[in-house]
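Good morning, colleagues. I would ask you to look at the structure as I describe a sheet, the helices packed on it, and one residue elsewhere.

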Amino acid sequence: MIEDKDSNIVYLSKWLKIEHEDFYNKLIALFNKLDIKHCILKYTNDFWCRDYMPIQLGKDVFIKYRYYPDYLLRKKEDKELITNCSRACKCIGVKYQETNLIIDGGNVVTCGDAIVMTDKVITENGYLITDDYSELVSMLTAIFGQKVIIVPWKKHEGDEYGHADGFIKYAGDNNILMSNIKDEYPEEGKEIERILTDNGFNVVSLHFEKNRTNNWAYINFLQVENKIIMPAFGLKEDEQAMEQIQEMFPYCSIHPIEMREVAEQGGALHCVTWNIKEESHE
């Protein structure tokens, strides 16, 4: 699997500039300062490109899934936001294998030789949490060629998406950095930690002096090679997050960027970017 540290190019949807121009301009300026190659995706319907672009498994191996999230099915205008990434991929020369399983890219977190997903993938593919969904896990395992670990997710105010990248990030050497979910929802956080620990991971949780609305977003940072761009909000917690992330990623430089307006819409930096390893960049 291609991990974030292996990536060397970032794609953004054109809609990020249209809907959040100030943030877009700051991000592009930071990309240029850090010498991070970046390009714009065409034929997208919203700026959350992580969710609908393919999963990169290897050098020239991408998996395109059926992007059909339940949170975009309630209204006609929401359905119009569902992107089929076929044309976007064709424009940038990305060829892919395809599955009809319903998946969100933000719910696929590569953790060494395993993939971590929330159980949202179970319900979106027609199963109940109480069902025997081992067949689905087997299909996912076959698609990704990796062990698939399912962790629980419960719908909370402000989070109807159920994406694993909203609360975990792989730090290498079987280490996983988790958001402050144990502080906000202790039982849920402890159960996620238990499952990950039972699968051989060492889990370290973020902690903050104050439990603020946007604390979840710090984990949703972008890593490209040895550079991390971290969501920031002009708060003391920014420094606390940076210190804790730096401890888990000692080989990386960390660069904060203010993005309150974007985060208030339910996603952060990892959600609005699609970073891959492009061989021609080497």
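**A three-stranded sheet and one buried residue**

I begin with helix α7, residues 134-144, which lies across β7 and β8 and runs at about 135° to β8. Helix α9, residues 186-198, also packs on the sheet and touches β7 and β8, its direction making about 160° with that of β8. Contact here means heavy atoms within 4.5 Å. Axes are lines fitted to C-alpha atoms, for helices over the stretch in contact, and angles run from 0 to 180 degrees between N-to-C directions. Helices (H or I, at least four residues) and strands (E, at least two) are DSSP runs, numbered from the N terminus.

This is a predicted model: local features need pLDDT of at least 70, side-chain atom pairs count only at pLDDT 80 or more, and totals for chains, interfaces and linings use all residues. Residues are numbered from 1 along each chain as its sequence is written, and side-chain values use heavy atoms, with hydrogens and water left out.

Now the sheet itself. It is open, with three strands in the order β6-β7-β8 and mixed pairing; two strands pair if DSSP finds at least two bridges between them. Strands β6 (109-111) and β8 (147-151) are the edges, each pairing on one side only. Strand β7, residues 114-118, runs parallel to β8 and is joined to β8 by five bridges. I115 stands opposite V148 in β8.

Finally, is I245, in helix α10 (residues 236-248), buried or exposed? I245 counts as buried because its relative accessibility is 0%; buried means under 20% relative accessible area, exposed over 50%, and partly exposed in between, with a 1.4 Å probe and protein chains only. Among the residues that I245 touches are L177, Y218 and F221, not counting residues up to four places away in sequence.
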